[in-house]
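I set aside some time to go through this model by element and keep notes. The entries follow in the order I looked things up.

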Amino acid sequence: MTSAIPLTSIEMPDQDVEAVLDTLRSGWLTLGPRTQELEAGLAEWCETPNAIALSSSMAALQLAVEAVGVRPGDEVIIPALTFVEAAAAVRWMGGRPVVCDIRGAADLTLDPEDVAAHITPQTKAVVATHLFGYAADLSALEQLCEEHGLALIENAAEAIGARDAAGRRVGTVGAVGCFSMAADAQMPIGEGGFAIAGDEDVAARIRSLRSHAMTSGTWDRHRGHAATYDVVDVGFNFRMDEPRAALALSRLPRLSDDIERRRAVARAYREQLADTPNAGFPWDDDAVERASHNRFAVVLSDQATRDRVHEALAADGIESTWLPAITSLRDYCHHGACPRAEDLGSRHLLLPLAPSYGEAEVEAVVTRLRAAAASAAP
């Protein structure tokens with residue numbers, strides 16, 4: 001990391017390092033006992049019957065799309081303001097992403113009304129992305145999906161630990177919840193993810209397809225539970241390896257405290273950035289208390305101001321970024337079809353946020369941002 005204040009900062013205490021070293025010394029590196037222990041811990045933490053450890057949240061989304069029955073020609077509704085993995089998962093399964101708008105400056109997640117307007121006889125599923133750690137309107141989307149016989153997939157890659165307005169853990173409401181443990185996630189292990197599914201048949205299909213649809217794994221055969229295996233479908237190699245599972249197991253007991261420290265940083269940003277010229281932030285105080293805060297988003301008055309603030313922060317060694325327009329989505333969201341996403345996509349800015357950040361980091365970011373935003377005032 002060369003920035004004075006990077007977008008995120010990962011603490012790696014000795015216990016995490018030792019957990020990985022112990023795994024390396026064990027000689028068992030592929031899907032095995034530590035992964036099984038992690039899955040049990042994640043299921044308990046997420047208040048769900050099961051969890052399936054995977055190589056990434058992209059793998060979780062791809063398996064979710066397959067498991068709910070999306071096939072070539074089916075349409076899947078996704079939000080316009082999001083990372084590309086949801087659209088990619090749909091396209092890998094031969095489906096067509098249908099890009100819908102977001103709710104607006106006060107809530108950057110998928111707009112249920114626009115979703116309703118885009119449902120057709122070809123629609124098979126809706127992907128609700130819990131953006132930057134904030135829950136989408138699951139109640140409205142769940143009702144829409146029930147009315148039209150659609151599968152609701154939750155892209156909770158950025159939102160482990162968040163709750164919706166009804167108090168439910170994100171990822172537990174839809175048919176499948178998809179989570180990330182990438183380096184910028186709330187529980188970073190480098191690469192990794194997991195899926196949760198309330199329906200045992202869906203969970204079993206994801207569990208099977210992650211490992212080539214084999215009837216037994218190497219750990220089962222190593223313990224003498226099976227002599228060989230069969231392959232019963234066309235699967236994938238989306239397994240999590242044991243060193244990453246061990247690292248996640250070591251980090252899991254600290255997850256709740258890390259999220260609360262992230263929340264404290266978000267509160268501090270909101271308090272100190274209040275009334276900043278040409279700047280505001282989405283979501284309200286109640287949403288802040290339910291969110292798990294993958295990033296902190298500010299919305300500037302226009303793109304020129306956003307770019308000027310970004311450059312001013314960079315000059316002080318403060319990293320910031322934004323979700324870019326995705327070229328590969330052009331065919332699925334024509335210009336003008338998602339006006340709120342196009343508008344807010346061009347003028348939002350994501351600020352540094354990590355559980356280790358405190359008053360010094362927040363003050364440095366806020367001081368520079370306020371000065372740069374004010375200088376842009378007419």
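**Entry 1: helix 2.** I am working from a predicted model. I began with helix 2, residues 33–45, and checked its length. At 1.5 Å a residue, its 13 residues should span 18 Å, and the end C-alpha atoms are 18 Å apart, so the two values agree.

Next I asked which residues of helix 2 are buried. They are Thr35, Leu38, Glu39, Gly41, Leu42, Ala43 and Trp45. I noted a general point beside this list: an α-helix has 3.6 residues a turn, so residues three or four places apart point the same way.

I then looked up what these buried residues pack against. Two of the partners are strands, strand 1 (52–54) and strand 9 (193–196). The others are helix 7 (200–209), helix 9 (242–251) and helix 10 (255–273). After helix 2 comes Glu47, which has a positive phi, near 60°.

**Entry 2: the seven-stranded sheet.** I wrote down the strand order of this open sheet as 1-9-8-7-6-2-3, and its pairing is mixed. Strand 1 and strand 3 (96–100) are the edges, each pairing on one side only. From one strand to the next the twist averages 25°.

I looked for helices against this sheet. Helix 3 (residues 57–67) packs on it and touches strand 1, strand 6, strand 7, strand 8 (176–180) and strand 9. The direction of helix 3 makes about 165° with that of strand 8. Helix 7 lies across strand 1, strand 8 and strand 9, and runs at about 30° to strand 1.

**Entry 3: strand 6 and its neighbours.** How many of the seven residues of strand 6 (residues 123–129) are buried? I found six, so strand 6 is largely enclosed by the rest of the structure.

On one pairing, strand 6 runs parallel to strand 2 (residues 75–79), and three bridges join the two. I listed two positions here: Glu75 stands opposite Thr123, and Val76 stands opposite Ala125.

Strand 6 also pairs with strand 7 (residues 151–155), in the parallel sense and over five bridges. In strand 7, Ala151 is the bridge partner of Ala125, and Asn155 is that of Thr129. I traced the chain between these two strands: it leaves strand 6, passes through helix 6 (residues 138–148) and reaches strand 7 in a right-handed β-α-β crossover.

**Entry 4: strand 7.** I checked burial here as well, and five of the five residues of strand 7 are buried. Which residues lie on each side? Ala151, Ile153 and Asn155 are on one side, Leu152 and Glu154 are on the other, and both faces are covered. I kept the general rule next to this: in a regular strand the side chains alternate between the two faces of the sheet.

Strand 7 is joined to strand 8 by three bridges, and the two run parallel. Asn155 has Cys178 as its bridge partner in strand 8. I had already entered Asn155 as the partner of Thr129 in the pairing with strand 6.

**Entry 5: the three-stranded sheet.** The second sheet I noted is open, with three strands in the order 10-11-12 and antiparallel pairing. Its edge strands are strand 10 (279–280) and strand 12 (348–351), each pairing on one side only. Two bridges hold the antiparallel pairing of strand 10 with strand 11 (residues 296–300). Gly280 has Val299 as its bridge partner in strand 11. Helix 10 lies across strand 11 and strand 12, running at about 25° to strand 11.

**Entry 6: aromatic rings.** I counted five aromatic pairs, taking ring centres within 6.5 Å as the cut-off. For Tyr134 and Trp283 the ring centres are 3.9 Å apart and the planes are at 5°, so I entered this pair as stacked. Where in the chain do Tyr134 and Trp283 sit? Tyr134 is in the loop between strand 6 and helix 6, and Trp283 is in the loop between strand 10 and helix 11 (285–290). They are 149 residues apart, and the pair links distant parts of the chain.

Both residues count as buried: the relative accessible area is 4% for Tyr134 and 10% for Trp283. I closed with the cluster in which ring pairs link Tyr269, Phe281 and Phe296.

Conventions:
Residues are numbered from 1 along each chain as its sequence is written. This is a predicted model: local features need pLDDT of at least 70, side-chain atom pairs count only at pLDDT 80 or more; totals for chains, interfaces and linings use all residues. Side-chain values use heavy atoms; hydrogens and water are left out. Helices (H or I, at least four residues) and strands (E, at least two) are DSSP runs, numbered from the N terminus. The expected span of a helix is 1.5 Å times one less than its number of residues. Buried means under 20% relative accessible area, exposed over 50%, partly exposed in between (1.4 Å probe, protein chains only). Contact means heavy atoms within 4.5 Å. Two strands pair if DSSP finds at least two bridges between them. Axes are lines fitted to C-alpha atoms, for helices over the stretch in contact, and angles run from 0 to 180 degrees between N-to-C directions. A crossover is right-handed if, with the strands pointing away from the viewer, the path from the first strand over the helix to the second runs clockwise. Rings of Phe, Tyr and Trp (its six-membered ring) pair if their centres lie within 6.5 Å; planes under 30 degrees apart count as stacked, over 60 as edge-to-face and the rest as tilted.
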